[in-house]
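The exercises below ask you to work through a structural model step by step, with the sequence and coordinates at hand. Try each task before reading its solution.

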Amino acid sequence: MGIYEHVEIFAGLPVVDAGDAEATVADPGAVAWRISMEEFEAPPEEFEAAFEQLLQRTGPAGPTALVVGEWGSAYDSPFPYQLLVDNVVRLSGLRALFVGDLTGEECEISWIDQADITPVIEAFPALERLWIRGSESLELKPVRHEGLRELVFQSGGLPAEVVRAVAASDLPNLTHLELWLGVDQYGGDARADDLAPILAGRSLPALTYLGLRNAEIAEEVATAVAAAPIVARLTDLDLSLGVLGDTGAETLLAGQSLTHLRRLDLSHHFMSAEMAQRVVDELPGVEVDVSDPQQEEEWGRYTAVSE
Amino acid sequence: MRLAVVGNPDNRRVTMFTEAVLRAGLPAPAVHPWRAVLSSGLVPAVDPGTFVRIESPGEDAEVDRLLREIGGGRPAMPAEHGEIVGSAAAFAGLRWALDRIAAGGGLLLSRPADILTMSDKPRCHALLSAAGLPVPPALPPVHDYASLRAAMADAGWSRVFVKPAHGSSASGVLAFATAGRRVTAATSVEISGDKIFNNLRVRRYDDEASIRTVVDRLGPDGLHVERWFPKAALGDRVLDLRVVVIAGEPRHVVVRTSRSPMTNLHLGNARGDVPAVRAAAGERAWAAAMETCARVAACFPGTLHAGVDLMFRAGWRDHAVAEVNAFGDLLPRVLAGGLDTYDAQVAALARGWSPVREGVAVPCGG
């Protein structure tokens, strides 16, 4: 399993391929522009040229939302965040950024080569949404950012250091946080302890959606969440794509009340049919997703997205 | 109109074709078993006006053994269930057998040279490429893991599909990716002792030693390596199309979908929703894809049907041909204008389709 499709809506805007010269766009600020090189191994100049072309097409404020797919040897070369930082004046309109919109057909998620994203966060104080896919070489230092509303890390293995940096960041307006924790084999070495500041509700005062997804440590996460003070503030709890089984689900139900939630997403799980039904039955009024049940294999349980 | 079939008599391919002939109110076709053709080397003489359909020799262990024995020129052992063995010898055996069948007379519905080209991936790729048809670029010939890596490095490619030159469906195929010293391969091949098997479950190898073993074992029978063409997806499955072109018309289509890079396994993969794919691609891209399939089939004018495997690129921007199948018309319950692929072929014959004769030059591709 893995990621199969490019994003079609980003930041609430329809995604338009910047390479499609025939696409007619009345208002360049009302779409999310996607730049992606057709060649897996396109040289950096080709990406820079496409980026320059997009800046010219979108006018003095640049794109509102930018989605980057293949930037050229993404499996081997970090995304050139410096290019964005260098053009910060021409990107004054940028509110949403997604770097790494690559499917499993294009690049193994665990190979997508990221970099230190701290400078780009600091350079764009008006950024509201940031999505990062892939965690190879991914780094983050604790930041203060008042603009961010939505922060998403999709990975096959999110480094504990990044998790700790998010937890130590000052993001007073962040409402949506997604951490795809992944598996240890692909660098996902975070444990429940690393999530403690987030779960304790000490950081991220505005959070209403918490996604601790695609986790090999789903059972451990479930145990931690069952007693986490932050849960009382959430409307959406998303523990999907991981390896949650009956034990974790039992802990979750035995813990604090979850009936205030709008939505609980447990899809892609290893619960028995009986346990899945129990979760639904015990949370009336909560939209509970227990779709996509998995069967344990010879080698154990797999998260939805790893390699 | 009289028809004859060379095939494995109990196989559903033969029975379904026979049923279509009977539905058309024609006398049942005479069936000439592959086993008899291969063991006696004789094809019963058929009347010059009889149409002869050549069916797949597949799914019969003894026929497979005979093909490898004849093609290899030495005694061959029966293959174990799922064992990948002797595809080059089997191809040579097929070449010999098709000569025998042609010598038996009648009007062949598939030209032997076309069957052989479609069953030889490097040759088929070269033909389509020369005709200007969209195919992923291919590496020069490689014969083992070391030469594969060298050729990938020369080309500057990190992602490829490695296919046995004479394989069918996903048997022996590897979706192989590299990044620096890291490697990963998704494949249905399973190593067991000194043999390799085709497993219905796609698995992933992340260690170079296993990948080297698989490629080195497949190498002697010939390899064809193409650059990985990132396939489009719908929902949580990647997809490609099998389009059967009959008498020039690409009307029978199935969508094959998978959660692995391999869409063309016999089992485990679901048939997708053709209208949904058509809608996602858009009418223009869909029409262009169908046009490509028709042009591919036009490269084989002496042959009534061709099964074209067509991939849309992720994002639907363009498409490419993955392969062409000489025996690719087994699409049970897929109807176009009320006719399945077999009905449509019988109908084409009734309308007067006849093979372009050997040696007649026909523009291919366009």
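Three exercises follow, on cavities, on a buried acidic side chain and its helix, and on domains.

This is a predicted model, in which local features need pLDDT of at least 70 and side-chain atom pairs count only at pLDDT 80 or more, while totals for chains, interfaces and linings use all residues. Residues are numbered from 1 along each chain as its sequence is written, chains are lettered from A in the order in which they are written, and side-chain values use heavy atoms, with hydrogens and water left out.

**Exercise 1. Cavities**

Task: Find which residues line the largest cavity and which lie nearest its centre, and work out which domains it lies between.

Solution. Begin with the search itself, which over the whole structure finds four cavities of 30 Å³ or more. A cavity here is a set of points on a 1 Å grid over the protein atoms alone where a 1.4 Å probe fits but cannot get out, and its lining residues have an atom within 4 Å of a point. Grid points are joined across faces, edges and corners, and a volume is the space filled by probe spheres set on the points.

Next, take the largest cavity, with a volume of about 190 Å³. Its lining comprises 19 residues, and those nearest the centre are F161(B), K163(B), K231(B), M311(B) and A322(B). In chain B, the strands β5 (159-164), β9 (223-227), β14 (305-312) and β15 (319-325) each contribute at least two lining residues; strands are DSSP runs of E, at least two residues, and helices runs of H or I, at least four, numbered from the N terminus. By character, the lining divides into nine nonpolar, two polar and eight charged residues, where Ala, Val, Leu, Ile, Met, Phe, Trp, Tyr, Cys and Pro count as nonpolar, Asp, Glu, Lys and Arg as charged, and the others, Gly among them, as polar.

Finally, because domain 2 (145-227) and domain 3 (231-350) of chain B both give residues to this lining, the largest cavity lies between them; the domain bounds come from an automatic or database domain assignment.

**Exercise 2. D194(A) and helix α4(A)**

Task: Establish whether D194(A) is buried or exposed, and which side chain makes a polar contact with its side chain.

Solution. First locate D194(A), which belongs to helix α5 (residues 192-199) of chain A. With a relative accessible area of 12%, D194(A) is buried, a term that means under 20% relative accessible area with a 1.4 Å probe and protein chains only.

Then examine the polar partners: the side chain of D194(A) makes a polar contact with that of R164(A) at 2.9 Å, and a polar atom of the D194(A) side chain lies 2.7 Å from the backbone nitrogen of R191(A). A polar contact is a pair of N or O atoms within 3.5 Å, one able to donate a hydrogen and the other to accept it, and residues adjacent in sequence count only if both atoms are side-chain atoms.

Last, turn to helix α4 (residues 160-168) of chain A, where the buried residues include A160(A), V163(A) and A167(A). D194(A) touches these three residues, among others, contact meaning heavy atoms within 4.5 Å. The cover over the buried residues of α4(A) includes β7 (150-154), β8 (176-182) and α5 of chain A.

**Exercise 3. Domains of chain B**

Task: State how many residues domain 1 and domain 3 of chain B each bring to their contact.

Solution. Chain B is divided into domain 1 (3-108), domain 2 (145-227) and domain 3 (231-350). The centres of domain 1 and domain 3 of chain B, taken over C-alpha atoms, are 25 Å apart. Their contact takes 17 residues from domain 1 of chain B and twelve residues from domain 3 of chain B.

How values were computed. On a 1 Å grid over the protein atoms alone, a cavity is a set of points where a 1.4 Å probe fits but cannot get out, and a pocket is an open set with protein on both sides within 12 Å along at least five of seven lines; lining residues have an atom within 4 Å of a point. Buried means under 20% relative accessible area, exposed over 50%, partly exposed in between (1.4 Å probe, protein chains only). Lists of a residue's contacts leave out its neighbours within four places in sequence.
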